[in-house]
Amino acid sequence: MTASFVDHATTDQAAALDAVFAGAPLMAILRGMGLERSVRLATTAWDLGIDSVEVPLQTDEDERVLREVARLGAERGKAVGAGTILTPAQVAVSADAGAAYVVSPGLDPDVVRAARERGIPILPGVATPSEVQRAVALGLTWLKAFPAQWLGADWFRHIRGPFPGVRFVATGGMDATNAGLFLDAGVRLVAVGSALEDESQLPRLAELLAR
């Protein structure tokens with residue numbers, strides 16, 4: 001892979017994620033929920049005003065769910081991503097299933113390279129300054145901080161100092177009760193999951209989306 005190709009791919013992927021995550025400050029993660037439940041919660045998310053939905057790929061059923069949620073999302077002009085991407089092979093599976101972007105729990109240069117070669121944006125996970133610095137060196141500007149609840153909101157306030165150009169998505173242990181703290185700390189998006197099934201949390205999620 002030539003340097004010019006890397007630079008071009010990096011710019012294209014950053015712009016693509018800028019567009020995908022430009023709207024609502026929340027995203028939805030539908031992990032292991034099966035087809036019917038995933039479709040229902042994706043619809044709840046979209047109706048609420050959440051633009052981005054992620055379907056983690058861990059079973060064969062998850063791939064079927066991704067295909068259907070991606071199809072329904074396309075009908076509404078919504079981006080659907082594939083999560084828990086651990087290998088280059090899963091990048092291809094995700095792209096073929098209609099994913100608009102892929103998400104990894106950690107930072108693996110081989111997976112980043114596979115995403116670039118396939119032309120699909122990637123959101124890798126980080127949890128330390130060293131990982132953030134490594135990701136920046138790879139040309140990445142969008143990163144997932146995981147597990148965010150255990151890192152704490154103050155982690156983001158501190159990490160923004162040396163890395164002001166990085167946009168963070170907070171994932172792990174997030175719901176309506178703590179999402180606002182992370183958004184106030186400078187997180188660009190907060191990912192929620194089961195909170196979408198808790199009717200008592202929906203009004204607060206709606207308030208966060210209206211910020």
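This section describes the overall fold, the salt bridges and one buried loop residue of a predicted model.

The chain comprises 10 helices and 9 strands. Its radius of gyration is 16 Å, which agrees with the value near 17 Å for a compact globule of 211 residues. Along the principal axes, the C-alpha atoms occupy a box of roughly 50 × 40 × 25 Å. Of the 211 residues, 48% are buried. The contacts reach across the sequence. Among those between residues at least 6 apart, 62% join residues at least 24 apart.

The surface was examined next. The exposed area of the chain is about 9,200 Å². Carbon and sulfur atoms contribute 52% of that area. The chain carries 19 positive and 25 negative charges. The mean positions of these two sets of charges lie 3 Å apart.

Side chains of opposite charge can pair when their charged atoms come close. In this model, 14 salt bridges were found. Three of them are described here, including one between Glu197 and Arg37.

In the pair of Glu197 and Arg37, the N to O distance is 2.6 Å. This salt bridge links distant parts of the chain, its two residues being 160 positions apart. Glu197 belongs to the loop between β9 (189-192) and α10 (202-209). Arg37 sits in helix α2, which spans residues 34-48. Neither partner is buried. Glu197 has a relative accessible area of 33% and is therefore partly exposed, since this class runs between 20% and 50%. Arg37, at 31%, is likewise partly exposed.

A second salt bridge joins Asp51 to Lys78, with the closest N and O atoms 2.8 Å apart. Both residues lie in loops. Asp51 is in the loop between α2 and β2 (52-56). Lys78 is in the loop between α3 (60-75) and β3 (80-83). The residues are 27 apart in sequence, so the pair ties together separate parts of the chain. Relative accessibility is 22% for Asp51, which counts as partly exposed. Lys78 is also partly exposed, at 23%.

The third salt bridge lies within a single helix. Glu61 pairs with Arg64, and their closest N and O atoms are 3.2 Å apart. Both residues belong to helix α3. They are separated by 3 residues, about one turn of the helix. Glu61 is partly exposed, with 30% relative accessibility. Arg64 is partly exposed as well, with 47%. Elsewhere, salt bridges with shared partners connect Arg37, Arg40 and Glu197 in one network.

Where in the fold is Thr171 found? Thr171 occupies the loop between β8 (167-170) and α9 (179-184). Is Thr171 buried or exposed? Its relative accessibility is 7%, so Thr171 counts as buried, the limit being under 20%. Which residues does Thr171 touch, leaving aside those up to four places away in sequence? Its contacts include the run Lys144, Ala145, Phe146, Pro147 and Ala148. Ile29 and Ala191 are also touched by Thr171. Of these, Ala191 falls in strand β9 (189-192).

In summary, the model combines 10 helices and 9 strands with 14 salt bridges. One of these bridges, between Glu197 and Arg37, links distant parts of the chain, whereas the pair of Glu61 and Arg64 stays within helix α3.

Methods:
Residues are numbered from 1 along each chain as its sequence is written. This is a predicted model: local features need pLDDT of at least 70, side-chain atom pairs count only at pLDDT 80 or more; totals for chains, interfaces and linings use all residues. Side-chain values use heavy atoms; hydrogens and water are left out. A salt bridge is a side-chain nitrogen of Lys or Arg within 4 Å of a carboxyl oxygen of Asp or Glu. Helices (H or I, at least four residues) and strands (E, at least two) are DSSP runs, numbered from the N terminus. Buried means under 20% relative accessible area, exposed over 50%, partly exposed in between (1.4 Å probe, protein chains only). The radius of gyration is taken over C-alpha atoms; the globule rule is 2.2 Å times the number of residues to the power 0.38. Contact means heavy atoms within 4.5 Å. Accessible areas come from the Shrake-Rupley method with a 1.4 Å probe; for residues, only the protein chains shown count as cover. Lys and Arg count as positive and Asp and Glu as negative; His and the chain ends are not counted. The place of a charge is taken as NZ of Lys, CZ of Arg, CG of Asp or CD of Glu.
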